[in-house]
Amino acid sequence: AGFYLDATREPWSGGYKMETYLTSELPSTLFNDTEFGKYLDAEKVSITGHSMGGHGALTLYLRHPELYKSVSAFAPISNPVNCPWGQKAFAGYLGEEDKEAWKEHDATELIRKGVWKGKGDMKALVDVGLADGFYKQGQLLPENLEAAAKEAGVEGLTVRYHEVSWSCVRGSMKQRMLTGYHRVMTIRTTSFRPSLLSMSTMQRSIWGCCKLRECGWSDLGER
């Protein structure tokens, strides 16, 4: 669970460089691949993720707006500095004492400090299930993200609440595909190996980028 940052504290600092991996190393590898690279368009990349990956999608989008066209997240950890998961991870990777460094990897705090000021439409879509146990435990805190955007005058953040939990994920993903919200998608994985176009469940991961050209939803499923 790298929390999509470059760790600065031992023993994690030697290997946990997930922000660098996602924003530099992996795109370079994919776009320059002699076979797969021809299907990619580096000018049309968006990013999405679920849970911790949703946190990663939001923070990487805010920290590297030049890389992505839009962002979406499913049940993201929206304000990790104020939830047990985030506090534990940040203390281990960035140090217990450096709370300001924590905020640099928190979507709510980044918006609050004005990183999106003057950038126009945020083009961000967030889906949250109200029946999600982690939402009920206060791990996700999407309301804090909404409040920060409103206070900062940021437009283009849409947060949708559903009465269900996991079952809304596939439907929301399909809707994004069919409506073109993400013409290009980044799929995250829990391992270091890219799992390209593996759409059978959102719990699996998202890294890699694919241009959706003329293919329909059925062409993407279960590959």
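**Exercise 1. Pairing of strand 3**

Determine in which sense strand 3 and strand 4 pair, and over how many bridges.

*Solution.* In this predicted model, strand 3 and strand 4 (residues 157-162) pair in the parallel sense, with 6 bridges between them. Next, consider strand 2 (residues 71-74): this strand also runs parallel to strand 3, and 4 bridges join the two. Individual positions can then be placed. Ala73 is found opposite Val126 of strand 3, while Asp127 has Arg160 of strand 4 opposite.

**Exercise 2. Covering of strand 3**

Establish how many residues of strand 3 are buried, and which residues lie on each side.

*Solution.* Begin with the count: strand 3 spans residues 124-129, and 6 of its 6 residues are buried. Then separate the faces. In a regular strand, side chains alternate between the two faces of the sheet. One side of strand 3 carries Ala124, Val126 and Val128, and the other carries Leu125, Asp127 and Gly129. Every one of these residues is buried, so both faces are covered.

**Exercise 3. A salt bridge between strands**

Which elements does the salt bridge of Arg160 and Asp127 tie together?

*Solution.* The side chains of Arg160 and Asp127 meet in a salt bridge, at 2.8 Å from N to O. Arg160 belongs to strand 4 and Asp127 to strand 3, so the pair ties together parts 33 residues apart in sequence. Now classify each partner. Asp127 has 2% relative accessibility and therefore counts as buried, the cut-off being under 20%. Arg160, at 24%, counts as partly exposed.

**Exercise 4. Two further salt bridges**

Compare where the partners lie in the pairs Arg9 with Glu97 and Lys103 with Glu100.

*Solution.* Take Arg9 and Glu97 first: their closest N and O atoms are 2.4 Å apart in a salt bridge. This pair links distant parts of the chain, 88 residues apart, with Arg9 in the segment before helix 1 (18-31) and Glu97 in the loop between helix 3 (84-94) and helix 4 (99-103). Arg9 is partly exposed at 30% relative accessibility, whereas Glu97 is exposed at 56%.

Turn to Lys103 and Glu100, whose side chains form a salt bridge of 3.4 Å, N to O. Both residues lie in helix 4, 3 residues apart, which is about one turn of the helix. Lys103 is partly exposed, with a relative accessible area of 31%, and Glu100 is exposed at 53% relative accessibility.

**Exercise 5. The salt bridges as a set**

State how many salt bridges the model contains, and name the residues linked in a network.

*Solution.* The count comes to 8 salt bridges. Glu19, Arg63, Glu104 and Lys113 are linked in a network of such bridges.

Conventions. Residues are numbered from 1 along each chain as its sequence is written. This is a predicted model: local features need pLDDT of at least 70, side-chain atom pairs count only at pLDDT 80 or more; totals for chains, interfaces and linings use all residues. Side-chain values use heavy atoms; hydrogens and water are left out. Buried means under 20% relative accessible area, exposed over 50%, partly exposed in between (1.4 Å probe, protein chains only). Helices (H or I, at least four residues) and strands (E, at least two) are DSSP runs, numbered from the N terminus. Two strands pair if DSSP finds at least two bridges between them. A salt bridge is a side-chain nitrogen of Lys or Arg within 4 Å of a carboxyl oxygen of Asp or Glu.
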